[in-house]
Amino acid sequence: MAIRKANKLPQSALIKQILKSCSSLGKKQGYDHDEMIPVDVPKGHFAVYVGENRSRYIVPISFLTHPQFQTLLSQAEEEFGFHHSMGLTIPCEELVFRSLTQMLR
């Protein structure tokens, strides 16, 4: 019996896919159509949605290199995938997310 390995993307490909997903949300109203990012998101940052209420947080792109944040992204990929129009959703409680992001700053 053959064991099937999970089809995991390399870290660099995963980060590129996340950034592409975030920037593709720019087709909606309230976005800068020249740069295809939300008007209220500063350069070098991206928006994520966290918790049951999908609260929106703006985080620096540098978080993508932290192992703890990458764990959250892997959980997000497993639960939601990166091919949906609802934005990058992180499946954890807001309190946990805020604690983690404060630690990473």
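**Entry 1: Phe97**

I started with Phe97, which is found in helix α3. Helices here are DSSP runs of H or I with at least four residues, strands are runs of E with at least two, and both are numbered from the N terminus. This is a predicted model, in which local features need pLDDT of at least 70 and side-chain atom pairs count only at pLDDT 80 or more, while totals for chains, interfaces and linings use all residues. Residues are numbered from 1 along each chain as its sequence is written, and side-chain values use heavy atoms, with hydrogens and water left out.

Is Phe97 buried or exposed? I found a relative accessible area of 1%, so Phe97 is buried (buried is under 20%, exposed over 50%, partly exposed in between, with a 1.4 Å probe and protein chains only).

Next I listed what Phe97 touches, leaving out residues up to four places away in sequence: Val48, Val50, Tyr57, Val59, Phe69, Leu72, Ile90 and Cys92 (a contact means heavy atoms within 4.5 Å). I also looked up Gly51, 46 residues from Phe97 along the chain, and their C-alpha atoms are separated by 8.6 Å.

**Entry 2: rings**

I counted aromatic pairs and got 4 in the structure. Rings of Phe, Tyr and Trp (its six-membered ring) pair if their centres lie within 6.5 Å; planes under 30 degrees apart are stacked, over 60 edge-to-face, the rest tilted. For Tyr57 and Phe97 I noted ring centres 5.2 Å apart and planes at 55°, so this pair is tilted. Tyr57 sits in strand β4 and Phe97 in helix α3 (residues 94-104), so the pair ties together parts that are 40 residues apart in sequence. Tyr57 and Phe97 are both buried.

Which residues make up the aromatic cluster? I wrote down Phe46, Tyr57, Phe63, Phe69 and Phe97, which form one cluster.

**Entry 3: the rest of α3**

Phe97 has company: the buried residues of α3 are Phe97, Leu100, Thr101 and Leu104. They cover an arc of only 95° around the axis, which puts them on the same side of α3 (the arc is that of the directions from the helix axis to the C-beta atoms). On the other side of α3 I found Leu95, Gln102 and Met103 exposed. What covers the buried residues of α3 includes β3, β4, α2 and β5.

**Entry 4: helix α2**

I checked the length of α2 (residues 67-80): at 1.5 Å a residue its 14 residues should span 20 Å, and the end C-alpha atoms are 20 Å apart, which agrees. The expected span is 1.5 Å times one less than the number of residues.

The buried residues of α2 are Phe69, Gln70, Leu72, Leu73 and Ala76. Why do they end up on the same side of α2? Their arc around the axis is only 155°, which puts them there, on the same side of α2. The face turned away from that buried side carries exposed Pro67, Glu78 and Glu79. Right after α2 comes Gly81, with a positive phi near 75°.

**Entry 5: two loop residues**

Arg54 is in the loop between β3 (45-50) and β4. I noted a positive phi of about 50° for Arg54, although it is not a glycine. At 26% relative accessibility, Arg54 counts as partly exposed. Arg54 lies over the face of Tyr49, at 4.6 Å from the ring centre. To count, NZ of Lys or CZ of Arg must be within 6 Å of the ring centre and within 35 degrees of the ring normal.

Gly87 belongs to the loop between α2 and β5 (89-90). At 3% relative accessibility, Gly87 counts as buried. I paired Gly87 with Tyr49, 38 residues away along the chain, and their C-alpha atoms are separated by 7.0 Å.

**Entry 6: the whole chain**

I counted 3 helices and 5 strands in the chain. Their order from the N terminus on is α-β-β-β-β-α-β-α. Buried residues make up 35% of the 105 residues. Among contacts with a separation of 6 or more, 50% come from residues 24 or more positions apart.

**Entry 7: confidence**

The mean pLDDT of the chain is 74, and 60% of its residues reach 70 or more (pLDDT is the predictor's confidence in each residue, from 0 to 100). Which elements have the lowest and highest mean pLDDT? Strand β1 (residues 31-32) has the lowest, 49, and strand β4 (residues 55-60) the highest, 94. Over residues 1-7 the pLDDT is below 50, and I found 0 contacts for this stretch beyond near neighbours in sequence. Residues 23-31 also stay under 50, but there the model has 17 contacts beyond four places in sequence.
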